[in-house]
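Please look over the report below with the model open beside it. It deals with charged pairs, helix packing, surface features and the backbone.

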Amino acid sequence: MFGIGTLPDLLRLAVLPVLAWTAVRDVRTRRVPNVVWYPLAALGIALLAWELLGHFPPETVFDRLYLIRVGVSVCLVVPLSYLFWRLGGFGGADAKALMVFAILLPTFPSYTLAGTEFPLATTRLGVFSMTVLTNTVIVGLAYPLYLAARNLADGEFEFPISFVGRRVSVSSLPTAHGRLFESPEGVTRNGLDLDALRMYLRWRGLTLADLRSNPEDLRDPDGIGETFDPTDGAVHRAATDGGASA
């Protein structure tokens, strides 16, 4: 038997397929269209207004507790998400997702399946978006340790770069994400952005092998012939690292 705490909680289930799609797309391409977040935010605002009407005027302790939790979610989690993005701790899609969560799921929803109530665990604060934010920060702090352990297992450990990156083959660069931490001069924090590399290759209609085999001639501005749409450098924009768009 399946039970739901409130009608807004039922409507919130409708966003799960969208969030799953954005997660898969983000992992594969590091791109999530902005248009995805507008309807989710609109739904969140509508559901939040619906629930707020049921708690006004705040006559009981539960009403006041709900309003406090909503205040924490909207007035604290949203600004923190934006701040982490500005500081470079979150990507743009991560920050937007957390902002949407803060509006769409300010408190813990309630679902019952086969006599078991979900979520299985809640927090004393009771702010669902804060739990998501906290878990995100914890995972983010643990990721450098994972990278270091992986590099150590591969016999490629080098302090401190092994905590922030991993060695990849040159042939994988056209489909890899991120930026290079090494240059001909050694380790650098301002290495080549791989999106920029793909944009250049597509603009020139070249492959990475072409670029590596003839770098001197390709640096000559007079040698620039026909050019193509560079796109935005996303992996999914082209079938190869040349100029053919998918």
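The text that follows takes these topics in turn.

This is a predicted model, in which local features need pLDDT of at least 70 and side-chain atom pairs count only at pLDDT 80 or more, while totals for chains, interfaces and linings use all residues. Residues are numbered from 1 along each chain as its sequence is written, and side-chain values use heavy atoms, with hydrogens and water left out.

**Salt bridges**

With a salt bridge defined as a side-chain nitrogen of Lys or Arg within 4 Å of a carboxyl oxygen of Asp or Glu, the count comes to 9 salt bridges. The table sets out three of these contacts.

| Acidic residue | Basic residue | N to O distance |
|---|---|---|
| Aspartate 9 | Arginine 12 | 2.8 Å |
| Glutamate 51 | Arginine 12 | 3.1 Å |
| Aspartate 195 | Arginine 31 | 3.0 Å |

Aspartate 9 and arginine 12 both lie in helix α1, 3 residues apart, which is about one turn of the helix; helices here are DSSP runs (H or I, at least four residues), as strands are (E, at least two), numbered from the N terminus. Glutamate 51, by contrast, lies in helix α3 (residues 37–54), and its salt bridge with arginine 12 in helix α1 links distant parts of the chain, 39 residues apart. Arginine 12 is buried because its relative accessible area is 5%, and glutamate 51 also counts as buried, at 13% relative accessibility; the classes are buried under 20% relative accessible area, exposed over 50% and partly exposed in between (1.4 Å probe, protein chains only).

The side chains of arginine 31 and aspartate 195 also meet in a salt bridge. Arginine 31 lies in the loop between α2 (16–29) and α3 and aspartate 195 in helix α7, so this pair ties together parts that are 164 residues apart in sequence. Both arginine 31 and aspartate 195 are buried, and salt bridges that share partners join Arg31, Asp195, Arg198 and Asp232 into one network.

**Helix packing**

Helix α4 (residues 61–86) packs against helix α6 (residues 128–153) at an angle of about 25°, with the axes 9 Å apart. That angle makes α4 roughly parallel to α6, a term that applies to angles under 35 degrees, whereas over 145 counts as roughly antiparallel, 65 to 115 as roughly perpendicular and the rest as oblique.

**Surface**

Which residues form the nonpolar patch on the surface? The patch consists of Leu7, Leu10, Leu11 and Trp50, with about 360 Å² of accessible area together, and its largest share, 3 residues, comes from helix α1 (residues 7–12). Patches are made of residues with over 30% relative accessible area and no salt bridge, like charges being joined within 9 Å and nonpolar side chains (Val, Leu, Ile, Met, Phe, Trp, Tyr) within 5 Å. Leucine 7 is partly exposed because its relative accessible area is 45%.

**Backbone**

A cis peptide bond joins phenylalanine 56 and proline 57, with omega about -10°, and proline 57 is found in the loop between α3 and α4. The peptide bond from phenylalanine 118 to proline 119 is likewise cis, with omega near 0°, and proline 119 is found in the loop between β3 (116–118) and α6.

Arginine 30, although not a glycine, has a positive phi of about 60° and is placed in the loop between α2 and α3. Threonine 231 is another residue other than glycine with a positive phi, near 55°; threonine 231 counts as buried because its relative accessibility is 19%.

Definitions and conventions: Areas by Shrake-Rupley, 256 points an atom, 1.4 Å probe, with all protein chains shown as cover. Axes fitted to C-alpha atoms, helices over the stretch in contact; angles between N-to-C directions.
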